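Let's take a walk through this model together, starting from a single side chain and working outwards to the helices. Keep the sequence and the 3D view side by side as you read.

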Amino acid sequence: MKGIYVKKFFSFILCLFFICPAKAEQKNILMVLWDGCEEACRGFQDYVASNNMDVKISVIDVKKDPKLIDAAIETVHKTHPDLLVTWGTMVSVKMLGTEQQALQEGYSILVPAVFMVVSQPVESGLVSSFVSQGRNLTGVSQMPSISEQIQAAKQFFPFKKIGIIYNPSEKNSADVVNDVKSYASLLDYEVFEKPLPVNKNGQIEPKAIAGLAYELAEQKVDIFFLPPDFSINENRDLFYQTAVSLGIPIFSASEGAVRHGNALFAYTHKYYNIGQIAGYKAKKILVDGIPAYNIPIETPIRGIFVVNMDVAKQFNVYPPLSLLSISELIN
């Protein structure tokens, strides 16, 4: 009888140390968001939940206040999460640093990172390449190339003249405007740009938006283009009201201005899907053990039209039947 207990005891010890796998330690993910948990954030969290990843997700919402990003950086230093997830260009660049900063200042990311909803990762300086960027991060961009957006927009609403109001102190926005201008001769349209006057702190006077819109109307632009510009998006209601009074619809670079504002349409990638792809990358890092720098940065292959039908009724401009299969109609 005693021998039986001895055998059971040693079997238990053998199982404990050699056979029975130890339970994996729960991983910690820190998400730093620009303006609350929207579609991309929900897409990420849903992916994590549906794949039964043993993780704890903590969220810091900087509430569109760049000053709060510094506190988020301190939290990373203090808590050292297993993965950092950042939303948007401003948060991502400030949290992760540009590649140039990494070279010049010895900036190092203490934890692997996945960024999402960064419209132009290369142009913003975050990375130098989608494929081989050599930093401890990966991510997903939500914005199709400018040439792809323009070609799609011309199918939806044929235009010859496009007007753009933007904050020139926002590099992300200025880069997009330059891209729009670079394709003008190739894709047969004219660009009329109106940079907003900014003070020494890079702040704009919102009332100037209406005045510049009227100046563009005098140039007989067919459509306004809303770039990924924080200043304009913060004042998009004023922009929209002016656009309606002028009878000129707004084509947006992102779906947020269509879903939560009053832009007519966007040709983009759905934020929810962007979040799902970011979740997949998180799984590769935390579960499969693949280093972030070995996971390519990507943009989904095919975009969709997001169309605000309330606005379409106001302008009497509707998506062509040929585009309905790749359109999401809201409102």
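Which backbone oxygen lies 2.8 Å from a polar atom of the side chain of Ser141? In this predicted model, the backbone oxygen belongs to Val118. To find the serine, look at the loop between strand E5 (137-140) and H6, where Ser141 lies. With a relative accessible area of 1%, Ser141 is buried, because the cut-off for that class is under 20%.

What surrounds Ser141 there? Leaving aside residues up to four places away in sequence, Ser141 touches Val118, Ser119, Gln120, Pro121, Phe130, Ile274, Glu298, Thr299 and Pro300. Phe130 sits 11 residues from Ser141 along the chain, and the C-alpha atoms of the two are separated by 9.8 Å.

Now move along to helix H6 (residues 146-156), where you will find Ser147. Ser147 also counts as buried, as its relative accessibility is 16%. The side chain of Ser147 makes a polar contact with the side chain of Ser145, at 3.2 Å. If residues up to four places away in sequence are not counted, Ser147 touches Tyr183 and Leu187.

One of the Ser141 contacts, Ile274, offers a way on to the helices, as helix H13 covers residues 271-286. How does H13 meet helix H2 (residues 39-50)? Their axes come within 6 Å and cross at roughly 40 degrees, so H2 and H13 are oblique to each other. The crossing of H2 and H13 is right-handed. On the H2 side, the contact involves Glu39, Ala40, Arg42, Gly43, Phe44, Asp46 and Tyr47; they meet Tyr271, Tyr272, Gly275, Gln276, Ala278, Gly279, Tyr280, Ala282 and Lys283 in H13. Sorted by class, the contact of H2 with H13 has 8 nonpolar, 4 polar and 4 charged residues.

A second helix pair is worth a look: H9 (residues 208-218) and H11 (residues 236-246). Their axes come within 9 Å and cross at roughly 30 degrees. Since angles under 35 degrees count as roughly parallel, that description applies to H9 and H11. The crossing of H9 and H11 is right-handed. H9 contributes Ile209, Ala210, Ala213, Tyr214 and Ala217 to the contact, while H11 contributes Leu238, Phe239, Thr242, Ser245 and Leu246. How many charged residues take part in the contact of H9 with H11? There are no charged residues in this contact, which has 8 nonpolar and 2 polar ones.

Definitions and conventions. Residues numbered from 1 in each chain as written. Predicted model: local features only at pLDDT ≥ 70, side-chain atom pairs only at ≥ 80, totals over all residues. Heavy atoms only, no water. Axes fitted to C-alpha atoms, helices over the stretch in contact; angles between N-to-C directions. Helix = DSSP H or I, 4+ residues; strand = E, 2+ residues; numbered from the N terminus. Parallel < 35°, antiparallel > 145°, perpendicular 65-115°, else oblique. Left-handed = near helix turned anticlockwise from the far one by under 90°. Contact = heavy atoms within 4.5 Å. Nonpolar A, V, L, I, M, F, W, Y, C, P; charged D, E, K, R; others polar. Buried < 20%, exposed > 50% of the residue type's maximum accessible area, 1.4 Å probe, protein only. Polar contact = N/O pair within 3.5 Å; in protein donor to acceptor, adjacent residues only side chain to side chain.
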